[in-house]
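Work through the exercises below with the sequence and the model open. Each task is followed by a solution in steps.

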Amino acid sequence: MWSIFKKEINSFLNSLIAYLVMGVFLVSMGLLVWVFPDTAIFEYGYADMGIFFNLAPYVLMFLIPAITMKALAEETKSGTFELLMTKPITELKLLLGKYFAGLVLVFISLIPTLVYYFSLSYLSNPVGNIDTAGIIGAYIGLLFLASSYTGIGIFSSSLSENQIVSFIIAVFISFIVFMGFSSISDLAFVSELDIQIDKIGMLAHYDALGKGVIDFRDVLYFISISSLFLGATYMVLKLRKWNS
Amino acid sequence: MEFLKRKSTEYILKFLILFTLVVLVNLGFRYQIFRIDMTEENRFSMNDATITLLKNLEEPVYVEVYLEGDINSEFTRLQTAIKQTLEQFKTYAYGNLQYNFVNPDQASSANARNEFYRYLIDKGIQPTTVFDNKDGKKSQKLIFPGAEISYGGKSLPVILLNGNNAAGASEAITQSIENIEYELANAIKSLANVDRKSIALYQSKESASGSVLKGLKDAVSQKYDLIPVQNTARLQNFDAAIFIKPTKDFSNSELYDIDQYIMKGGKSLFFLDGLMMDVDSIKDYGALALPVETGLDDLLFKYGVRVNKDIIQDVNSGNFPIVTGNLGKDAQIQLLPWPYYIILNNYADHPIVRNMDAVYGKFVSSIDTVLAPDITKTPLIFTSDYTRVLNGPIHISFESLKEDVKPENFNKKNVPVTYLLEGEFNSAYQNRLVPKGKDESKRLNKSESNSIIVASDGDLLLSEINKKNNQPFPLGVDPYANRPSNFANEQLILNMLNYLLDDDGLIISRSKDLKIRPLDKVKAQEDKLLMQLLNVALPILLIVLFGLIRFYWRKRKYAKFNE
């Protein structure tokens, strides 16, 4: 697992695509949080990173699939998957290695956004009047969300040998799981069940986490989503092995 | 049954088991609330009393918030905070709470909209005018910063904008945000509360006529049963007693009843005047404010405070209309500052008065404390920094209005006018003979832990009367005031009663302290471009730098490898 993990991170960071993906993510975030007048912090007027944590899930929805799309799809395509399977490594270790590598890459992409924090701290009145602990909490929340997205990304990557297809599937599933359920719960005909349906989606669970409140149930939920998708990936890998 | 033996079936089954397990675990911990609020002021945590209240709801609560639509950024902050609070309420109420935000402007026609406005105002949700300056265009609009809460077929309006206006709009919004939890929880509690506490309203026949008390009655009876009482022996049946501007001299036996009521744990609120003055009795030549002798002074002295026989003038005062001259046949009426009508907005940091808007006092006296062991005396309300204390008897006339208020005469500051007394009170009848007809063996010499509030203004809880139709205004309305909102006299008495009577500590949520973290406006304007550039470009530069370092590091590593 460790060798897979290292190999995965290295191969990603050695490709130019990686820097392009991270660059696009950081430009989008930067524009949304600082430049676009509808969302920019200057309009809001308070030293609060809420805007960042509210928008990040939508941008990560594209970033993470782009990071993970390669993970299994490429192995399948280039035939190295079979090769790997002949090595003394189990499917579980393989996908866990890829999963954690993806998570670390997301983490690396998020680090530069700390610039926002320092800028806000500088702009706040008085200087440094910013809720540091709350922001750390919100970052932790964002990482939990990212871990679920990564799980979804790895799963999608196992479904197809085409990276683009994997990417699209991952974005789609992430979108449905993040927003779909709360949108359904808003529909009039489910008003009886709306809370329960809402709770299936990630949005309802991210709500508190993104503000810096670490609720055990929300954490459990995100870990559950990750493990479900990793479980599903495991199943897909096994099925493929026995069907081929 | 062949498919059962297949390997693929095994893995599908394994996944289904995992799925079921995960769902079960999540369901199992559904009600396990364990959370860490990382925010500095624990912004997203609620008071235990609120949580208990919400957990124990038996029927669904519906909350309709009317703050929605095109509102400015200050009010958006309030709106967001209301949403967040209600979202948390929902968490703790396990589905027994639903809320939605209604835009009062959304109507098919202007007529229907005005109809809806009227409907809201009739419900008791007063609008606020908001001036917005966006892109150089000034606009003005009505918004309704309030909500309606329904529970079990009853409903209550809740005003969610209630900070101290003197502190500025932004600060008032912050204070309102701090109070959201209390306001909402308190309304839910009054609706859900089955065993309503009963309060005796003591008024002597000669004093306050019925109509000036209407505002008080309307306000208090939403949550408590307020019953007028004249016979002090009946006080024993009540949870609290409010004494408003008593003028009569209580008999020894009546005083004994009051004393023993307090000894037995009855909560008491005294609104007393040191000097008696009624503005309607001021004629052309003025009137004399004379000391009121009620006999209550002896009791209060024993409990630890003394309402002085004086009247306070304050620079922070309201206005009063006065005839300043004649223009032809018509009298010329002008509003002049009337330093006897004091605007009090200088509060202690105590849940009762924190974040409250100003209250309006008329002919207020000062209060001194006297030695009383085991009693904690907390001053709640103070006068402003420019106060003058006049000892009685005083001649008060409208003539004095015309003289300019001379600041150098106002050399006292922050005179306390309301005290909260808490502790074990000593009876005023300790070591004394009990009045005739009372049973000495039943006398209590010391109370259990109890609390008393003494305010040195009998008019605090009285409504102004509309001279045009003789109807009373709601409590806290000054007919001559030029203020955006009513004075908080109503909120004051409700907070006091909540503090004294609610043992579950809901009012503690009023001591929430939020910090505002504004951007430095000047800096934000000056450095805007730089900041935008920095925040868009620097993260990318960091990533590129990271890539380059990696690249060269690897090159070196492999170069070495080749050697």
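**Exercise 1: a pair across distant parts**

Arg196(B) is partly exposed, its relative accessible area being 29%. The model is a predicted one.

Task: find which residue Arg196(B) meets in a salt bridge, and place both residues in the chain.

Solution.
1. The side chain of Arg196(B) forms a salt bridge with that of Asp225(B), at 3.1 Å from N to O.
2. This is within the 4 Å cut-off for a salt bridge.
3. Arg196(B) sits in the loop between helix H6 (169-192) and strand S8 (198-202) of chain B, while Asp225(B) belongs to strand S9 (residues 225-229). The two are 29 residues apart, and the pair links distant parts of the chain.
4. Asp225(B) has a relative accessible area of 31%, so it is classed as partly exposed.

**Exercise 2: two further salt bridges**

Task: state where the partners lie in the salt bridges Lys446(B) with Asp374(B) and Lys14(B) with Glu10(B).

Solution.
1. In the pair of Lys446(B) and Asp374(B), the closest N and O atoms are 2.7 Å apart.
2. Lys446(B) is in strand S25 (residues 446-455) and Asp374(B) in the loop between strand S20 (367-369) and strand S21 (375-382) of chain B; the pair therefore ties together parts 72 residues apart in sequence.
3. Both are partly exposed: Lys446(B) at 35% relative accessible area, Asp374(B) at 47%.
4. For Lys14(B) and Glu10(B), the N to O distance is 3.2 Å. They are four residues apart in helix H2 of chain B, so about one helical turn separates them.
5. Lys14(B), at 41%, is partly exposed, and Glu10(B), at 29%, is partly exposed.

**Exercise 3: the interface**

Task: describe how chain B and chain A meet, using contacts, buried area and polar pairs.

Solution.
1. Contact involves 56 residues of chain B and 59 residues of chain A.
2. About 5,400 Å² is buried between the chains, with 67% of it on carbon and sulfur atoms.
3. The number of salt bridges between chain B and chain A is zero, whereas 19 are found over all chains of the whole structure.
4. There are 18 residue pairs in polar contact across the interface, both residues at pLDDT 80 or more.
5. Elements of chain B that each supply at least two residues to the side touching chain A include helix H2 (7-28), helix H4 (73-93) and helix H13 (528-562). H13(B) gives the largest share, 15 residues.

Technical notes:
Residues numbered from 1 in each chain as written. Chains lettered and ligands numbered in written order. Predicted model: local features only at pLDDT ≥ 70, side-chain atom pairs only at ≥ 80, totals over all residues. Heavy atoms only, no water. Contact = heavy atoms within 4.5 Å. Buried area = accessible area lost by both parts, 1.4 Å probe. Polar contact = N/O pair within 3.5 Å; in protein donor to acceptor, adjacent residues only side chain to side chain. Buried < 20%, exposed > 50% of the residue type's maximum accessible area, 1.4 Å probe, protein only.
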